[in-house]
Amino acid sequence: MATFHFAVGSDPRRLIDRDLRSLATYAGAWVAAVLISATVNAVLVNATAAAWAQYLALYGGYWSLWALAVPLIYRMVARPRGSAAPARAARVGMHGLLLAALMLASNLYFLAWNALVAGVATFDLATYASRFTGRGAPLFVGVHLFKYVAACLICSSVWHRRRARREEEARVAAELESRSLAVQLADARLASLREQLHPHFLFNALNCIASLIEIRRNSDAYAAVSDLATLLRQTLEMGRRQAVSLREDVEHARSYLRIAELRFGSHLSWRIETDGDCESLAVPPLLLQPLVENAVKHAANQSETPVCIRVAAHAAQGGAEILVSDDGPGLGATSGGAAGTGIGLGNLRERLELLYGAAARLSVGAGEGGRGTVVRIFVPRRSARVESGVEAGS
């Protein structure tokens with residue numbers, strides 16, 4: 001709903017701007033003053049319609065004098081305030097001169113109207129001076145003083161409202177600029193964090209392939225290179241986006257686990273389970289990859305017994321809980337943190353904080369019976385429902 005203002009303009013120092021809305025508002029205020037004055041005076045004397053029309057003409061001219069004076073009043077109100085006594089005295093003096101000029105001009109106007117239009121008075125200096133010296137002088141001066149003070153108050157209200165609005169607009173603009181810079185900085189930081197992950201997991205994947213070649217498992221090495229090509233393609237596609245579906249991130253983690261499985265053989269098995277409600281959940285790219293990479297590095301690579309890595313995603317209130325667990329020797333972790341989590345978890349923790357703030361959670365702890373490691377992540381829900389699926393490795 002539009003809000004009506006006494007005067008609207010872009011410059012707080014000027015009452016009437018050159019825009020049509022400002023001019024229409026000011027003209028509307030003038031018309032309202034003329035109609036009210038003419039109607040009140042006509043009702044007081046029980047005037048006819050013809051006399052009311054004359055009152056309209058009379059007060060149309062009278063309020064035109066005020067229409068010329070009010071912008072000057074506004075300019076004085078909008079001037080910077082001086083704290084020194086001479087500045088305050090000068091301001092009061094300027095208001096006094098303008099009020100005196102208005103009273104002199106109004107008296108001259110009414111005298112001229114009565115003499116030249118109504119024919120009820122003579123146009124001479126004595127008649128002119130009687131308005132200020134006769135019995136009606138206090139009423140005449142008092143009415144004009146009241147109108148002038150009212151005009152000052154209205155102008156002051158308009159100016160303060162405009163100044164407050166201008167300051168609010170400046171504050172909002174500064175806040176938006178600050179937020180924009182913060183978003184740009186966060187985006188740059190996220191991009192840097194994603195780029196930080198790329199050489200990290202690529203080195204580990206190549207290390208797996210090199211191990212296969214070293215023990216002359218050439219067919220497995222060939223399959224690992226094929227999976228690595230898929231992994232790199234997925235990484236390049238995901239790296240250009242701010243968010244991906246959990247389904248896509250699961251596919252990326254699956255490609256990495258296949259490479260690791262070729263290297264470790266029966267020493268490593270893995271299982272991925274996802275709810276249908278979670279597969280279309282929007283998550284940051286490479287959410288799962290550093291977690292399964294840590295599981296391979298700290299569990300399969302350091303355990304003397306076979307290790308199973310499990311990835312699970314289940315619906316939770318307001319989002320989804322994602323778990324990456326293993327039954328390896330563990331990291332010596334507690335729910336408050338872990339030693340040896342490396343670049344992967346630190347990177348992921350920072351990305352989640354940049355994207356979701358306190359809405360996302362990440363914790364690292366020991367598995368059941370104190371064996372293995374469990375990483376729990378809560379991600380807020382952002383997407384729609386799809387069918388469920390379960391994927392298992394060897």
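# Close-up views of a predicted model

**View 1. About one helical turn separates E175 from R171 in helix α5 (residues 137–214), because the two are 4 residues apart.** What you see here comes from a predicted model. The side chains of E175 and R171 meet in a salt bridge, with 2.9 Å from N to O. That fits a general rule: an α-helix has 3.6 residues a turn, so residues three or four places apart point the same way. How open to the outside are the two partners? E175 is partly exposed, at a relative accessible area of 29%. R171 is partly exposed too, and its relative accessible area comes to 42%.

**View 2. E279 and R247 form a salt bridge between two helices.** Here the closest N and O atoms are 3.8 Å apart. Which helices do the partners come from? E279 sits in helix α8 (residues 276–279) and R247 in helix α7 (residues 246–264), so this pair ties together parts that lie 32 residues apart in sequence. Take a look at how well each end is covered. E279 counts as buried, with a relative accessible area of 14%, whereas R247 is partly exposed at 36%.

**View 3. Stay with helix α7 for a salt bridge between E251 and R254.** Their side chains meet at 2.4 Å, N to O. The two residues are 3 apart in α7, which is about one turn of the helix. Is each partner buried or partly exposed? E251 is partly exposed, at 34% relative accessibility. R254, on the other hand, is buried, with a relative accessible area of 7%.

**View 4. Back in helix α5, E175 and R171 belong to a network.** Salt bridges with shared partners join E168, R171 and E175 into one network. If you'd like to hunt for others, the structure holds 7 salt bridges.

**View 5. Helix α7 is mostly covered.** How many of its residues are buried? The answer is 14 of 19. R254 is one of the buried residues, at 7%, while E251 is partly exposed, at 34%. Now for the length of the helix. At 1.5 Å a residue, the 19 residues of α7 should span 27 Å, and the end C-alpha atoms are 26 Å apart, which agrees. Right after the helix comes G265, and its phi is positive, near 60°.

**View 6. Helix α2 (residues 49–78) has a bend at A69.** The helix bends by about 25° there, and a proline, P71, follows within four residues. What about its span from end to end? With 30 residues at 1.5 Å each, α2 should span 44 Å; the C-alpha atoms at its ends are 42 Å apart, which agrees.

**View 7. Four residues make a nonpolar patch on the surface.** They are W30, V31, L35 and W52, and the patch is about 330 Å². Which helix gives the largest share? It's helix α1 (residues 20–44), with 3 residues. W30 has its place in α1, and this tryptophan is partly exposed, with a relative accessible area of 33%.

**View 8. N114 and L58 lie far apart in sequence, by 56 residues, yet 9.7 Å apart in space.** That distance runs from C-alpha to C-alpha. You'll find N114 in helix α3 (residues 85–118). N114 counts as partly exposed, at 24% relative accessibility.

**View 9. R216 has a positive phi without being a glycine.** Most residues other than glycine have a negative phi. The phi of R216, though, is about 60°. Where does R216 sit? Look in the loop between α5 and α6 (218–239). R216 is exposed, at 73% relative accessibility.

**View 10. Zoom out, and the protein chain shows 10 helices and 8 strands.** The chain has 394 residues, of which 40% count as buried. Its accessible surface comes to about 21300 Å², and carbon and sulfur atoms make up 61% of that. Among contacts with a separation of 6 or more, 71% are between residues 24 or more positions apart.

Conventions: Residues are numbered from 1 along each chain as its sequence is written. This is a predicted model: local features need pLDDT of at least 70, side-chain atom pairs count only at pLDDT 80 or more; totals for chains, interfaces and linings use all residues. Side-chain values use heavy atoms; hydrogens and water are left out. Buried means under 20% relative accessible area, exposed over 50%, partly exposed in between (1.4 Å probe, protein chains only). Patches are made of residues with over 30% relative accessible area and no salt bridge: like charges are joined within 9 Å, nonpolar side chains (Val, Leu, Ile, Met, Phe, Trp, Tyr) within 5 Å. Accessible areas come from the Shrake-Rupley method with a 1.4 Å probe; for residues, only the protein chains shown count as cover. The expected span of a helix is 1.5 Å times one less than its number of residues. The bend at a residue is the angle between axes fitted to the seven residues ending there and the seven starting there. Contact means heavy atoms within 4.5 Å.
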